[in-house]
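Reader: Could you take me through the open and closed spaces in this model, one at a time? I'd like a close look at what lines them.

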Amino acid sequence: MALPIDVVIMAAGKGTRMNSGLPKVLHRLGGIALLAHVIRCAEKMSARKAVVITGHGATEVEAACAGMASGLVPEFARQEPQLGTGHAVQQALPLLADDGVTLVLSGDVPLTEVATLQALVNECDGQRLALLTLAMPDPTGYGRILRAGTQASAQVRAIVEHKDASDEQRKINEIYSGIMAVPTRLLRSWLARLDNKNAQNEYYLTDIVKFAVADGVAVVAHQITDAAQVAGINSPVQLAELERVYQQRRAIALMEQGVRLADPTRFDVRGELTCGADVEIDLNCLFEGRVTLGDGVRISANCVIANCTIAAGAVIHPFTHIDGEKLGVQVGEGAL
């Protein structure tokens, strides 16, 4: 029987490079806070609980979590002061039960897919330490996966952070994404053994790999090829880059359902867009909040449509702006 999944989300960082007074995890991608993407992913996995580790802007972050998911109400653990990733997860331990699997996620990594995380949890299987990894052309700044041999199937022996890596280790291109699944009963004992004897004088969560190896617990790596799924956001430039990836994927998904987009590179969804059959959307259209388009709806160029339902056969003319946030706007069937 599968063990319960408890999700721990790292959301304590300041995000200095964002150059903003807003906590990093509350910046928006696709009209939704970065942290909300992660919490909703946890909800789709039927997680038993989500523990959000807060620190910088903790009060603001915790208040913003209300309503981020419909059925999963986050709990919070404060990390003050912030002494590293291992120290962060230590703060969540009192809220975790030993009968489950802890899935560690990052609040600034919004595009990880449910299928990927489920595969990682399956690799863990309630008895192994499972790491989500990726081979990168330029792994600078990331922790490297150290294996017992040169083969991709060789056993994982450790993770070395970039600042602590030797020149030879920095040539390794398989990196640790920051996402792991681990039996909570084992995690608890390994976290108790952490120290901060490293280049940053921090308690690294990645050090639990060497403890697992020492204890004879298998460490497995689930390697993916889709870099966007593990991309973290540390600057406005990275946020804009990932926004385009997100919008492209939304566009492709809609077109695969039969929606005709005049140009998928000039199309944005900031919320939820549901389309019926034979929907056509012209250039430079923006959809916000919750929008439903019925069968045969045509949206002309340069429209902004927010929080409304447009019934079958309706035609929305160019440069139309509809905002139904307060009135709950509905456009009738066949309207022109």
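Author: Here is a walk through the pockets, then the cavity, then one strand. Keep in mind that this is a predicted model.

Let's start with the largest pocket, which holds about 1700 Å³ of space. Its lining runs to 49 residues, and K24, T85, S106, D108 and N234 are the ones that lie nearest the centre. Several elements chip in: β1 (5–11), α3 (85–92), β6 (101–106), β10 (174–183) and α7 (236–256) each supply at least two lining residues. As for chemistry, you get 21 nonpolar, 20 polar and 8 charged residues in that lining.

Next up is the second largest pocket, with a volume of about 490 Å³. Here 15 residues make up the lining, and H37, K44, P110, L111 and Y246 lie nearest the centre. Two or more residues apiece come from α1 (34–44), α7 and β13 (267–275). Of the elements, α1 gives the most, with 4 residues. The classes in this lining come out as 6 nonpolar, 3 polar and 6 charged. So which helix is worth following from here? It's α1, since the largest share of the lining of the largest cavity, 3 residues, is from α1 too.

On to that cavity, then. The structure has 1 cavity of 30 Å³ or more, and the largest cavity has a volume of about 50 Å³. Around it sit H37, V38, C41, L105, S106, V109, P110, T112, L117 and I179. You've met some of these names already: H37 and P110 are among the residues nearest the centre of the second largest pocket, while S106 is one of those nearest the centre of the largest pocket. Along with α1, β6 supplies at least two residues of the cavity lining. By class, this lining has 7 nonpolar, 3 polar and no charged residues.

Last stop: strand β7, residues 129–135. Buried or exposed, how do its residues come out? In β7, 6 of the 7 residues are buried, so the strand is largely enclosed by the rest of the structure. As for its partners, β7 runs parallel to β11 (residues 219–224), and 6 bridges join the two. One of the pairings there is L129 with V219. With β10, β7 runs antiparallel, joined by 5 bridges. In that pairing, L134 has I175 as its bridge partner. That brings us back to where we began, as β10 also supplies at least two residues to the lining of the largest pocket.

Definitions and conventions
Residues are numbered from 1 along each chain as its sequence is written. This is a predicted model: local features need pLDDT of at least 70, side-chain atom pairs count only at pLDDT 80 or more; totals for chains, interfaces and linings use all residues. Side-chain values use heavy atoms; hydrogens and water are left out. On a 1 Å grid over the protein atoms alone, a cavity is a set of points where a 1.4 Å probe fits but cannot get out, and a pocket is an open set with protein on both sides within 12 Å along at least five of seven lines; lining residues have an atom within 4 Å of a point. Grid points are joined across faces, edges and corners, and a volume is the space filled by probe spheres set on the points. Ala, Val, Leu, Ile, Met, Phe, Trp, Tyr, Cys and Pro count as nonpolar, Asp, Glu, Lys and Arg as charged, and the others, Gly among them, as polar. Buried means under 20% relative accessible area, exposed over 50%, partly exposed in between (1.4 Å probe, protein chains only). Two strands pair if DSSP finds at least two bridges between them.
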